[in-house]
Amino acid sequence: MAASPSDGFRRLRWGSKRLSRPVQQEMDTGREITGEHPSDSPPWEEELVSKIRAMSALEKTLALEAISHCIQRHSQLVRKEVSYTSIQELLASLKLDLKQPLEKTFPFHFYGLILRECASVDLVKRHLASLLELCHQSSSQREGIALAIGITSASHMEEVWAMLEHLGRTRFLQSTFMSPESQQLDRNTHWKWVGSTSLLCLGQIAMHAREQILPWVDNIASRMVYYFSCSPYDNVLKTSFLSAAIMLMKALQREDGTQNYKFTQISELISCLLCVLQKEPNFLATLFRQKIILVIAALSNLRPSLKPTVKSKILQTCLQSLYSLPPTETLKRKLPPLEAAPDVMMLYQKSVQALDLLLQNFVSENKSMDEICFLLQHTEPWLKSDKIHERKRVVQSVFLLLKYVVDHVKLTEEAMPSMLGHQIGLLTLLWRDKDKATQSRSRQCVCLLLQLLIQQKGSTAEFTYLNKMRSFEVRAHRESETRFFNLVKALDENLTVAQHTQLILTLLHELCSRNRLRCDLAAQLLLLIFEDHSIKPEQVAEILQGLFLKLPCIIFKNILQTMMKAVTMLGTQHTQETVEVLLSLCHPSERKVIPLWTALATNNRLARKVITLLYMKLKLRPPKELVRLPEQAQLISQLALGTIYELLYVREYKATVRWAFAGILLGLLTQLHYLFELDAVEGLSDYQEDILEARTLSPCRTCLEALKGLFWTTNYWEVFAELKLLRGWELFEHLETYTEGVTLLARAMAHYDCEVKAVLGQAVISLKSSEERDNIVAILIITEFLNSQELTQYTSRKTMDNFLNLGLNNPNQLVRAMSLKGLSSILMHPKKVVLLQNWLVGLLDSFLKPEPRDLIGLMEILGDIVHCLGGQGVGTLSLKIAQRLLSLFEHAQGDVRAGAIFLYGSVIYSGGRKLRPALRTHAWHALVPLLLHLGDSCPQVVTKTKFTFLRCAILLKWEFRKELFGKLAWGSGLGAENDIFIYMVESNFGSYHHFLMQALMHLSSPHHSMKLAAMRFIGGLLQDYFADLCVCLTKNDVQTLLTHFELLKQDRDSTSRRFYRSFLDDVIELSQYVTY
């Protein structure tokens, strides 16, 4: 049953969609494209048709029989020369003399003309069946059959279509589904290429359908797709399908209604053509590429418009087919052996011209910047290619496309697609290509795109810019740096914000390339853009995010350095936006963003702005009721806290952190209190310092570690050390002891004059804050600073009185109480100095007695008075107190020893400047007892001893004070003990005699731990400083040493006897060397 014409055919009212002129001209090149002139009647056809029409039905029948016999005979002898004697006799009977030699397809042409003019449907069907039963092996046979079928269809479309459908259901399916074994046995069967014959038939039917083409076009196209898809692929099928497609397009070109018809098979036809193109070999020997691309261009003009996915597939396949060919200079060498070598350059040029026409055709159909961007998007893989010839080809295509648009197309839509910036970026990256032609074309492409942008804007400065761009190319080869600057400036001024951002992101992406030239160019262009101050605040986030992602992949060190300069510029121009973005990039503990923060510190003024902003972010603390538990880690104050913690250890921020010390300190103290308010205390108390593995700290732990790090990194390590040795940092781990921790910290700061002026000023500001936590921290610090010897240099009594009175009205009870305490200090009431000193004299009388009552309580009161007198000093009483405390170091009770040692550390600093030398001497005499108490059996004594021992070292200005603290705080075992011994002895050169004599007194100590420590100390001196002892000891000293050693010999303790045996020889030898 014959298929009916397409029901979807109808004429539409809207505007025509004709084939673009360049493509139409190429499609009209006749034999060059199709190899034939099927649409043009031979000169003899008109006369022959008139003779046929004059024939009777019987004559037509006889003529058909004669031609059929001739064609069948020719089919059987296809490989031999066959004469057309019977055909010539028939022509002679018709009194026709064609003069020129007959072509191979002439019998088929003649056959088709008679069938077309035949009125008998049955006769036509019989001869069509006979015709289609012929062998389909020969190309001339297939073409002839198709020609006859096509001519016949002009008058008998239904019958012809029915015969082809029957052929498809029978012979074609049989040949298609034949097993491989059968095909091997019957390799030369004449049905092998029946599908190719059917394709040619469909093409000829289209060519001869004329006004019937549109009703039948979808059926014809669908059958073409079917035969192509179901037939085994080879050159015969490829050639047949392409010929049929070209004939179909030529037929549609002639029909006026084509532009209004809505076709249903365009995408499918294009898919088949693209399949052919994909299977083309990687050399040029024919014009197949050109033909396919031109047919696709013609099909793309039909309705409906191609979907973007189809168009994208077209572009990908066509670009791949041409750009991936070997370089033009090697194309000829890639050819396989051929009888006649083709003109490869001509083939290549024609194929590339077809591609250019395809691109221009797409733009002509959709005159918008969006379409240009869509086309350029598909050139991206080739613009980024590692092969020079591929980059050169694509840039040339882009240039010709843009030149065509500028010269011949007026864009109808004022679209400003953001991806245009990305494509401009890709082109700019070719400005230093190895190929000079690519360099020049890429610059010209950017200029052309700029012209299009300016034209779309309709700016009054349009012609000025156009002239600039034209003159730019004239100077391009002479002014490299100026060229870049001018063109970058033009881009900055004419791109939209979104386009400008895409341009920058594209350049950032290239920073990771292994191509040094492209990397350098990208970095230089980015630096120019940043220097031009063209980046808007709304661009900062995307730019920094893009750079952040690329940083780990940058290979070249100089590129990284250049980008850090760019970040510095960006931070200078948009400091607040930059800080906010860096905070959002990743959690500070990951440290991935540290290089960007470091870049902001290269400019001192910028670094101060950054730290100030972080401090301000730290103060953004929403109330507890507005904060949900999962959101705590993402609070801006938490991110600022984590960042400050990391920056403390960045060398470039060291000076800035010192400058902002007071603000950071108050910010951290109040942040810790805020975290207690949020109950975010997880991971605070179970922290272990000695674990070296990288860990993500909890918010509270981060805050406390930042507080500790602030003192350590700013070289106020004495404050850090004091709290560490007194376990003061642990007070910050609980809200109940938090205020004690702040008080102890402020006391240590006042003692070492650690930024007292700046912190006092910041505390005064916090005291005025509406936040309770700010008031608490401020009053604790201020009250403690009132005992500082230096405070009077920074503020007046009247000023402090005003501030403390302000605290009396605070709603918080602690703030009121501490304010009252401050108002009662000796700084506010100088007359109290005499009272306290008199009280101290009275207490001292009791303290100096051999067995005073409540010795521990008495020492606590003395400590409070010494602390309250502060800058006024204790005077000469300090020496008496120190001497009494030194004697209590050997007390039987551990808590008394601990209290005495701890108070001693404060007293040696309480005598004022006049008594400082005497107190230093006293501290020097206390070194050996203190050192030995580091081995005390009472842990509390050991803790207090570490504190006082370090204070003595600081007072005596030892060289290795910081290293000593490290061993006191974290050292353990014999190694740490030996290091502390060395720090002490080496810091007191020439004091070996004194130290040895002192240590000998402790060999008889009732405390076993002290006795062991003394033995280790004496043994160390004898081993490591034997020569020095030989010089400084006297015979009396040696005699004393021998006396103490002899006592060890009789000792019940095995350790003492073992020590005696180990060092007796050293003592005897020492006695021999000492001569006076």
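**Inside a predicted model**

Visitor: Which helix gives the most to the lining of the second largest cavity?
Guide: Keep in mind that this is a predicted model. Three helices each supply at least two residues of that lining: H12 (213-230), H13 (235-254) and H14 (266-278). With three residues, the top contributor is H12.

Visitor: What class of residue is most of that lining made of?
Guide: Among the residues lining the second largest cavity are Val217, Leu248, Phe263 and Gln265. Sort the lining by class and you get one charged residue, two polar ones and nine that are nonpolar. So, since Val, Leu and Phe count as nonpolar, the class to name for this lining is nonpolar.

Visitor: How many cavities of 30 Å³ or more does the search find?
Guide: The search covers the whole structure. The second largest cavity has a volume of about 60 Å³, and the largest has about 80 Å³. The full count at 30 Å³ or more is six.

Visitor: How many charged residues are in the lining of the largest cavity?
Guide: Let's look at who's there: the lining includes Arg391, Arg432, Asp433, Lys434 and Arg518, along with Leu429, Leu430, Asn515 and Leu517. Asp, Lys and Arg count as charged. Besides three nonpolar residues and one polar, the number of charged ones is five.

Visitor: How far apart in sequence are Glu117 and Arg53?
Guide: These two form a salt bridge, with their closest N and O atoms 3.2 Å apart. The pair links distant parts of the chain, with Glu117 in helix H6 (residues 106-117) and Arg53 in helix H3 (residues 45-54). Along the sequence, their separation is 64 residues.

Visitor: Is Glu117 buried or exposed?
Guide: The cut-off for buried is under 20% relative accessible area, while exposed means over 50%. Its partner Arg53 sits at 54%, so Arg53 counts as exposed. Glu117 comes in at 18% relative accessibility, so Glu117 counts as buried.

Visitor: Which helix holds Arg126?
Guide: Arg126 pairs up with Glu65 in a salt bridge, their closest N and O atoms being 3.1 Å apart. This pair also links distant parts of the chain, 61 residues apart, with Glu65 in helix H4 (residues 57-76). Arg126, at the other end, is in helix H7.

Visitor: Which residue makes a salt bridge with Asp679?
Guide: Asp679 lies in the loop between helix H35 (661-677) and helix H36 (699-713). Its partner is in the loop between helix H32 (604-618) and helix H33 (636-647), 55 residues away in sequence. The N to O distance in this salt bridge is 2.9 Å, and the partner is Lys624.

Visitor: How many salt bridges does the structure hold?
Guide: Some residues are linked in a network of salt bridges: Arg701, Glu705, Lys708 and Glu733. Others meet in pairs, including Asp679 with Lys624. For the structure, the total is 31.

Visitor: How far apart in space are Ile149 and Leu164, C-alpha to C-alpha?
Guide: Ile149 sits in helix H8 (residues 139-153) and is buried, with a relative accessible area of 2%. Leaving aside neighbours within four places in sequence, Ile149 is in contact with Leu164, and also with Leu128, Leu131, Leu132, Val160, Cys201 and Ile205. Ile149 and Leu164 are 15 residues apart in sequence, and their C-alpha to C-alpha distance is 9.3 Å.

Technical notes:
Residues numbered from 1 in each chain as written. Predicted model: local features only at pLDDT ≥ 70, side-chain atom pairs only at ≥ 80, totals over all residues. Heavy atoms only, no water. 1 Å grid on protein atoms, 1.4 Å probe; cavity = no way out; pocket = protein on both sides within 12 Å on 5 of 7 lines; lining within 4 Å. Points joined across faces, edges and corners; volume = space filled by probe spheres on them. Helix = DSSP H or I, 4+ residues; strand = E, 2+ residues; numbered from the N terminus. Salt bridge = Lys/Arg side-chain N within 4 Å of Asp/Glu carboxyl O. Buried < 20%, exposed > 50% of the residue type's maximum accessible area, 1.4 Å probe, protein only. Contact = heavy atoms within 4.5 Å.
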